[in-house]
Amino acid sequence: MSSAIETRGLSRRFGDRLAVDRIDMHVPERSIYGFLGRNGAGKTTTIRLLLGLLRPDAGQARIAGIDVARNRMAAARKVGALLEAQGFHPHLNGRENLDLSRRLLGLPATEVERVLEVVEMTPHARRRVGDYSLGMRQRLGLARAMLGAPPVLVLDEPTNGLDPEGIADMRRFLRALPERANATVLLSSHLLGEIEQTATHVGILSQGRLVLEGALADLKAGLAAAVEVGTDAPERAMAIASAHGFEVERADEAVVVYIAADEEPRYATAALNRALCAAGVRVHALAPRQCSLETLYRNAAQPALA
């Protein structure tokens, strides 16, 4: 699968601090790529490099095959960005605000109606933007980013500040965006749960380095199987499981036991249960633990933070 966004050795310093450290990034076409990392990890700097707002100290970034540093204007025409839902004139309505941007870009008037329909804002297009909810302003920002039908959309924290209903609505919309807009979506966020429900691919950034990248389903499938053990004697359960060759950790009141990749989970779980019962440890629950993006993030980011 070809890449809509690709970087090779991308690096950027600010004084003595290496904010982006030799990133090799591959965002497949028509994917929703969740770009993850804690505050200060380098996400914003990377996005600015991709958009041509900063120049790299080393390496290169390509948008739809165009080298951003060498041909910034051509690359800019291939990408639409929503960095924050600001910059609108509150006294103008939604359609008028989009029409101003449309004129600056030299696009036909039909573009305004097209993007309003894509973001499902046509019924609200005649309302003053000053009367919009935050969710509606985010939708209008998305519409502005889609003017000219760029093949790449870069969205920075599009659910930021939304209430639960607004987040759910935005999540539904984002899932359908690659098909509706015929575009690749780079979705920057710190909300793991939202990315897990929305993204097809992820890239995890830690201290300026891309520590994990790939299709989310494949990455989760590669995690070790695990089972949560409910017991009144967690410390004894951990010691016994460890003595029988299992990797263990404490998770609140439960014990998490990891099963080796070459073992059949159901047989390993049965063997674990027998060992605990034989040692007199009362087990009141055995539950498979779902592989999650949180686990992926913790496993990938912790070594870089050590």
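**Salt bridges and the geometry of helix 6**

Asp99 forms a salt bridge with Arg102, with the closest N and O atoms 2.7 Å apart. The model analysed here is predicted. The two residues lie three positions apart in helix 3 (residues 94–105), and are therefore separated by about one helical turn. An α-helix has 3.6 residues a turn, so residues three or four places apart point the same way. Asp99 counts as buried because its relative accessibility is 19%, under the 20% cut-off. Arg102 is likewise buried, at 11%.

In total, 17 salt bridges are counted. Arg172 pairs with Asp169 at a closest N to O distance of 3.0 Å, and these residues, three apart in helix 6, are also separated by about one helical turn. Both are partly exposed, Arg172 at 40% relative accessibility and Asp169 at 33%. Arg172 and Asp169 belong to a network of salt bridges that also links Glu120, Arg139 and Arg180. A further salt bridge joins Arg266 and Glu264 at 3.8 Å; Arg266 is exposed at 56%, whereas Glu264 is partly exposed at 40%.

Helix 6 comprises 18 residues (164–181), for which a span of 26 Å is expected; its end C-alpha atoms are 25 Å apart, in agreement with that value. The helix nevertheless bends by about 40° at Arg175, and Pro178 follows within four residues. Its buried residues include Gly166, Ile167, Met170, Phe173, Leu177 and Pro178. Among the elements covering the buried residues of helix 6 are strand 3 (32–36), helix 4 (110–118), helix 5 (134–145) and strand 8 (184–189). Just after helix 6, Asn182 adopts a positive phi of about 50°.

Technical notes
Residues numbered from 1 in each chain as written. Predicted model: local features only at pLDDT ≥ 70, side-chain atom pairs only at ≥ 80, totals over all residues. Heavy atoms only, no water. Expected span 1.5 Å × (residues − 1). Bend = angle between axes of the 7 residues up to and from the residue. Buried < 20%, exposed > 50% of the residue type's maximum accessible area, 1.4 Å probe, protein only. Contact = heavy atoms within 4.5 Å. Salt bridge = Lys/Arg side-chain N within 4 Å of Asp/Glu carboxyl O.
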